[in-house]
Amino acid sequence: MTVAQGLTKTAEEIKKAVDTKTEAKEAPHKVGFTLSAKDEKNIKGVHPKLQVVVRFAAQISNVAFMVVEGARSIERQKEMVKGGLSKTMKSLHLPQEDGYSHAVDMYPVVDGRMVNDWCVPWLSKEQSMKAWTDMATAMKAAAATREVVLTWGGDWNSFKDGPHFQIEL
């Protein structure tokens, strides 16, 4: 299934997703969950529109996910570039002119474990890719319903960055 196909949830499916909020740790395969306190901490400093998208994506997602990073300091961004985990010092994780970060990094969670790569040894390649595309589908659908332009790093042609989501204002 393509990401575009995954965006075609019916209104009933979305309503059901919103009505069945659960904690990711309790039921990672049920539709929808509530962000953890750590996730909420990690989206502080992120643009309010992106915070709304992340929270709504959690409510409608087929896979649990965790927010591992939002706003970054210059020092942290330098570390990321030096370590090869980022390619630019113009990252949207850095506070922009409006004072907010416009990016978050998130990872899917399957069976209570973070899927920290496109393929992990404890899942088949198909299961791993499904977790990533399910998370991206939820983020894109949440952004579309909020009329927010969202870009997923997993769609980039070079330096695919599956955890990365950014908004364009």
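This passage describes the core, the largest pocket and two buried residues of a predicted model.

Because the model is predicted, local features need pLDDT of at least 70 and side-chain atom pairs count only at pLDDT 80 or more, while totals for chains, interfaces and linings use all residues. Residues are numbered from 1 along each chain as its sequence is written, and side-chain values use heavy atoms, with hydrogens and water left out.

A good place to start is the interior. In soluble globular proteins, nonpolar side chains tend to be buried together. Here, the largest nonpolar core (buried Ala, Val, Leu, Ile, Met, Phe, Trp, Tyr and Cys residues joined through side-chain atoms within 4.5 Å) has 37 residues. Those with the most contacts inside this core are Leu50, Val54, Phe65, Val104, Met106, Met139 and Phe165. At least two core residues come from each of helix H4 (48-60), strands S1, S2, S4 (149-152) and S5, and helix H6 (125-145); helices (H or I, at least four residues) and strands (E, at least two) are DSSP runs, numbered from the N terminus. Helix H6 gives the largest share, nine residues. Leu50 is in contact (heavy atoms within 4.5 Å) with His102, Ala103, Val104, Met139, Leu150, Phe165 and Ile167, not counting residues up to four places away in sequence.

Helix H6 also holds Asp134. This residue counts as buried, at 8% relative accessibility; buried means under 20% relative accessible area, with a 1.4 Å probe and protein chains only. Beyond four places in sequence, Asp134 is in contact with Ser61, Asn62 and Val63.

Ser101 sits in the loop between helix H5 (74-82) and strand S2 (103-110), and is buried, with a relative accessible area of 0%. A polar atom of the Ser101 side chain lies 3.2 Å from the backbone oxygen of Leu92, and the Ser101 side chain reaches the backbone oxygen of Ala103 at 3.1 Å. Outside its neighbours within four places in sequence, Ser101 has contacts that include Gly45, Val46, His47 and His93.

Finally, there is the largest pocket, with about 530 Å³ of space. Of the 28 residues that line this pocket, the closest to its centre are Leu85, Asp105, Phe159, Asp161 and Pro163. Strand S1 (64-69), helix H5, strand S2 and strand S5 (164-168) each supply at least two lining residues.

Note on methods: Buried < 20%, exposed > 50% of the residue type's maximum accessible area, 1.4 Å probe, protein only. Polar contact = N/O pair within 3.5 Å; in protein donor to acceptor, adjacent residues only side chain to side chain. 1 Å grid on protein atoms, 1.4 Å probe; cavity = no way out; pocket = protein on both sides within 12 Å on 5 of 7 lines; lining within 4 Å. Points joined across faces, edges and corners; volume = space filled by probe spheres on them.
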